[in-house]
Structures are given as structure tokens and as C-alpha cells.
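Work through these exercises with the sequence and the 3D view side by side. Try each task before you read its solution.

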Amino acid sequence: MSDNAPSADLLYTPEHEWVLRTGPTTVRIGITDFAQGQLGDVVFVQLPSVGDEVTAGTSLGEVESTKSVSDVFAPLTGKVVAVNEDLDAGPEKVNTGPYSDGWLVELEVDTEATLNEAVSQMLDADGYAAITAG
């Protein structure tokens, strides 16, 4: 898989986050290649701390580029269980590997049913491509 193409393995939000289910109650989140392309060179990433609770639709952090600062929105309500600390020293990974090294956080929800419901509301690769096709 090209690191920059929307993947059938991922789900997407209209706010340009991608979501990868990593377990029955966990997901990994990042911003899409489209989003990093719109931002330009990422120079700083502000993320929540492990243990923080995030609420669907609210900002969980910011990505700062040479052009602007953009909020990253939580695609679901859950607890932060991992943060990509490599971005502290290498925020450009959001540009060079948005679907790999540039991931942002991992979230955990209480039950598999809760996660099933949350991901059922997200876009697949075709749905996301449709909203980014100009």
C-alpha cells in the first residue's frame, strides 16, 4: 500500500482523521494525507496525555504547520491509551508518513459494542475520497 493513498483498511471522518481498529475496543488515529497536504509542513503537534478522556467531535489536539494551526477532532469518545511521542522530535512524520509513522493517538472504549457503533458512523475509503475530490 502506498503510504499516501486512502486505504480500504481504514475508516475516515469528514474532518480528515483516519481511524484504524487495532483491537476489539481500541483504535489508532491520525490525519489523512489530504489533510497534511492542505496543512503544509508540520512543525509541531500537541497531543493529549495517556489517560486523558476525549469526547467525540471535540478537539483532542492540534497540528501546527508553517501555514496554520488545525485542531484534530476525536472521532469517538474514549480514553487515550497511547500517544506517538516520536512526533515531539519529528513532527514532519505527519507529512512523510500520515498513515504509518505519523499516527497521533490510540484510544480505547469500554466495550466492543461501543466501538462497533462508533465506527459504523465513519466513512470508508470511497466515501472519504468522494468528499475530498474537489
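Two strands pair if DSSP finds at least two bridges between them. Keep in mind that this is a predicted model.

**Exercise 1. Build the sheet**

Task: Find how many bridges join β2 to β3, and in which sense the two strands run. Then give the order of the strands in the sheet.

Solution.

Step 1. Locate β2 at residues 17-21. Locate β3 at residues 26-31.

Step 2. Count the bridges. Five of them join β2 to β3, and the two strands run antiparallel. One contact to look up is W18, whose bridge partner in β3 is G30.

Step 3. Go on from β3. Four bridges join β3 to β9, which covers residues 105-108. These two strands run antiparallel. Here T26 stands opposite E108.

Step 4. Go on from β9. The pair β8 and β9 is antiparallel and has four bridges. V83 faces V105 of β9.

Step 5. Put the pieces in a row. Six strands make an open sheet with antiparallel pairing, in the order β1-β2-β3-β9-β8-β5.

A reminder on how this works: strands of a sheet pair through backbone hydrogen bonds, either parallel or antiparallel.

**Exercise 2. Find the edges**

Task: Which strands stand at the edges, and why is one side of each left without a neighbour in the sheet?

Solution.

Step 1. Read the two ends of the order β1-β2-β3-β9-β8-β5. β1 and β5 stand at the edges. Each has a single partner strand, so one side of each lacks a neighbour in the sheet.

Step 2. Check the partner of β1. Two bridges join β1 to β2, and they run antiparallel. Y12 stands opposite W18 in β2.

Step 3. Check the partner of β5. β5 pairs with β8 (residues 78-83) over two bridges, again in the antiparallel sense. E53 has K79 as its bridge partner in β8.

**Exercise 3. Walk through the hairpins**

Task: How many residues lie between β1 and β2, and which residue in the turn has a positive phi?

Solution.

Step 1. Start at β1, residues 11-12. β1 and β2 form a hairpin with four residues between them.

Step 2. Look in the loop between β1 and β2. H16 lies there. H16 has a positive phi of about 75°, although it is not a glycine.

Step 3. Move on to the next connection. A hairpin joins β2 to β3, also through four residues.

**Exercise 4. Track down the salt bridge**

Task: How many salt bridges does a search of the whole structure find? Then name the two residues that meet.

Solution.

Step 1. The search of the whole structure finds one salt bridge.

Step 2. Its side chains belong to E106 and R28, at 2.6 Å from N to O. E106 sits in β9 and R28 in β3, so the pair ties together parts that are 78 residues apart in sequence.

Step 3. Judge the burial of each residue. The cut-off for buried is under 20% relative accessible area. E106 has 16%, so E106 is buried. R28 has 24%, so R28 counts as partly exposed.

**Exercise 5. Inspect a charged patch**

Task: Which residues form the negative surface patch? Is E53 buried or exposed?

Solution.

Step 1. The patch is made of D52, E53, E108 and D110.

Step 2. Place one of its members. E53 belongs to β5, which spans residues 53-54.

Step 3. Apply the cut-off for exposed, which is over 50%. E53 has 60% relative accessibility, so E53 counts as exposed.

**Exercise 6. Compare sequence and space**

Task: For three pairs, state the separation along the chain and the C-alpha distance: A8 and V42, A113 and P24, G102 and I29.

Solution.

Step 1. A8 lies in the segment before β1. A8 is exposed at 73% relative accessibility. A8 and V42 are 34 residues apart in sequence and 25 Å apart in space.

Step 2. A113 is part of helix α4, residues 112-120. Its relative accessible area is 56%, so A113 is exposed. A113 and P24 are 89 residues apart in sequence, with 8.8 Å between their C-alpha atoms.

Step 3. G102 is in the loop between α3 (93-96) and β9. With a relative accessible area of 0%, G102 is buried. G102 and I29 are 73 residues apart along the chain, and their C-alpha atoms are separated by 9.5 Å.

Terms used
Residues numbered from 1 in each chain as written. Predicted model: local features only at pLDDT ≥ 70, side-chain atom pairs only at ≥ 80, totals over all residues. Heavy atoms only, no water. Patch = residues over 30% accessible without salt bridge, like charges linked within 9 Å, V, L, I, M, F, W, Y side chains within 5 Å. Areas by Shrake-Rupley, 256 points an atom, 1.4 Å probe, with all protein chains shown as cover. Salt bridge = Lys/Arg side-chain N within 4 Å of Asp/Glu carboxyl O. Lys, Arg positive; Asp, Glu negative; His and termini not counted. Charge placed at Lys NZ, Arg CZ, Asp CG, Glu CD. Buried < 20%, exposed > 50% of the residue type's maximum accessible area, 1.4 Å probe, protein only.
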